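Trainee: Could you take me through one part of this structure slowly, as you would for someone in their first year? I would like to know one helix well, along with whatever lies around it.

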Amino acid sequence: GGTRNPEGYIEQMPLVALIPENNLSITTAALPKFLFYLPVANEIRDIEFLLYDESDKLIYETIVSVSSTAGMFNVDLAEAEGLDPLQLNQNYHWYFSIMADDRAQDLSVDGWTRRVDLTEWVQGQSSNSNLTLQLESATPLEQARLLYQEAQLWHDAAVILENLQQTEPDNQSAVEEWDNLVQTVNL
């Protein structure tokens with residue numbers, strides 16, 4: 001299908017959820033952070049994030065005003081007051097929308113997330129029996145590489161690298177690792 005450029009958006013780059021192609025983000029975080037790329041707009045806009053549990057019950061909702069500039073944006077559930085940790089091995093469906101005056105014109109993406117136990121997950125995903133120990137002693141850059149290359153924990157690796165880019169914007173190794181990471185899921 002085609003995409004449209006709704007009124008008020010002046011850039012061709014669309015709204016993008018930074019998730020694997022299968023639309024399921026596996027994470028070890030009890031309260032994960034979700035990453036998005038926002039297109040540039042003509043004015044400040046509101047975004048909405050909704051999170052539903054497996055029984056389709058709304059467990060979290062937020063609306064936030066954001067600038068008109070393009071760039072990375074995150075929804076960090078660790079900052080949500082009163083939100084209980086996500087249950088292990090449960091699927092959660094989320095929706096992220098840039099709200100328009102006419103809600104039928106919203107730019108939206110959605111996906112799924114599942115929280116897993118790191119030790120159990122690594123045992124089932126990697127032939128490297130020392131991976132959990134390696135992760136404990138690795139630098140953040142090494143952790144990210146191990147997480148997505150050996151443990152298939154793309155989501156956790158993306159959050160680590162996004163944090164590195166925020167705290168160390170001149171770290172060329174982090175930029176290169178980010179490029180490698182997003183290429184693994186064709187972003």
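**A close look at helix H4**

Mentor: Let's begin where two helices meet: H3 and H4 cross in a left-handed manner. Keep in mind throughout that this is a predicted model. The axes of H3 and H4 come within 8 Å, and the angle at which they cross is roughly 155 degrees. Angles over 145 degrees count as roughly antiparallel, and H3 and H4 are therefore roughly antiparallel to each other.

Which residues meet there? On the H3 side you will find Pro140, Leu141, Gln143, Ala144, Leu147 and Tyr148, and on the H4 side Trp154, Asp156, Ala157, Ile160, Leu161 and Leu164. Sorted by class, the contact of H3 with H4 has ten nonpolar residues, one polar and one charged.

Now let's look at H4 itself. Helix H4 runs over residues 154–167, which is 14 residues. From its first C-alpha to its last it reaches 20 Å, close to the 20 Å expected at 1.5 Å a residue.

How many of the 14 residues of H4 are buried? Ten of them are, so H4 is largely enclosed by the rest of the structure. To find them in the viewer, pick out Trp154, His155, Asp156, Ala157, Ala158, Val159, Ile160, Leu161, Glu162 and Leu164. Notice that Asp156 and Glu162 are on that list of buried residues, and that Asp and Glu count as charged.

What does the covering? Strands and helices both take part: the cover over the buried residues of H4 includes strand S2 (24–27), strand S3 (33–38) and strand S6 (71–76), as well as helix H3 (140–149) and helix H5 (172–184). You have already seen how H3 meets H4, so H5 is a good next stop.

The axes of H4 and H5 come within 10 Å and cross at roughly 150 degrees. That makes H4 roughly antiparallel to H5. This crossing, where H4 passes H5, is left-handed. From H4, the contact is made by Trp154, Ala157, Ala158, Leu161, Glu162, Leu164 and Gln165, while H5 brings Ala174, Val175, Glu177, Trp178, Leu181, Val182 and Thr184. The residues of this contact divide into ten nonpolar, two polar and two charged.

It helps to compare the two lists for H4. Trp154, Ala157, Leu161 and Leu164 are among the H4 residues that meet H3, and Trp154, Ala157, Leu161 and Leu164 also take part in the contact with H5. Try selecting these residues and turning the view until you can see both neighbours.

To complete the picture, how do H3 and H5 sit against each other? They pack at an angle of about 10 degrees, with their axes 11 Å apart. That makes H3 roughly parallel to H5. Here Leu141, Arg145 and Tyr148 of H3 touch Ser173, Ala174, Glu177, Asn180, Leu181 and Thr184 of H5. This contact has four nonpolar, three polar and two charged residues. Leu141 and Tyr148 of H3 should look familiar, as they also appear in the contact with H4.

Next, follow the chain between H3 and H4. Gln152 lies in the loop that joins these helices. Its phi is near 55 degrees, a positive value in a residue other than glycine. Is Gln152 buried, partly exposed or exposed? With a relative accessibility of 37%, Gln152 counts as partly exposed. Asn23 makes a useful companion: its phi is near 70 degrees, also positive in a residue other than glycine. Asn23 sits in the loop between strand S1 (16–17) and S2, and S2 is one of the strands that cover H4. Asn23 is partly exposed too, with a relative accessible area of 27%.

Finally, step back along the chain to helix H2 (residues 131–137), where you will find Thr132. Buried means under 20% relative accessible area, and Thr132 is buried because its value is 18%. Leaving aside residues up to four places away in sequence, Thr132 touches Thr119 and Val122. Thr132 also gives you a way back to H3: the C-alpha atoms of Thr132 and Leu147 are 9.8 Å apart, with these positions 15 residues apart along the chain. Leu147 is one of the H3 residues that meet H4, which brings us back to the crossing where we started.

Note on methods:
Residues are numbered from 1 along each chain as its sequence is written. This is a predicted model: local features need pLDDT of at least 70, side-chain atom pairs count only at pLDDT 80 or more; totals for chains, interfaces and linings use all residues. Side-chain values use heavy atoms; hydrogens and water are left out. Helices (H or I, at least four residues) and strands (E, at least two) are DSSP runs, numbered from the N terminus. The expected span of a helix is 1.5 Å times one less than its number of residues. Buried means under 20% relative accessible area, exposed over 50%, partly exposed in between (1.4 Å probe, protein chains only). Contact means heavy atoms within 4.5 Å. Axes are lines fitted to C-alpha atoms, for helices over the stretch in contact, and angles run from 0 to 180 degrees between N-to-C directions. Angles under 35 degrees count as roughly parallel, over 145 as roughly antiparallel, 65 to 115 as roughly perpendicular and the rest as oblique. A crossing is left-handed if the near helix is turned anticlockwise from the far one by less than a right angle, and right-handed if clockwise.
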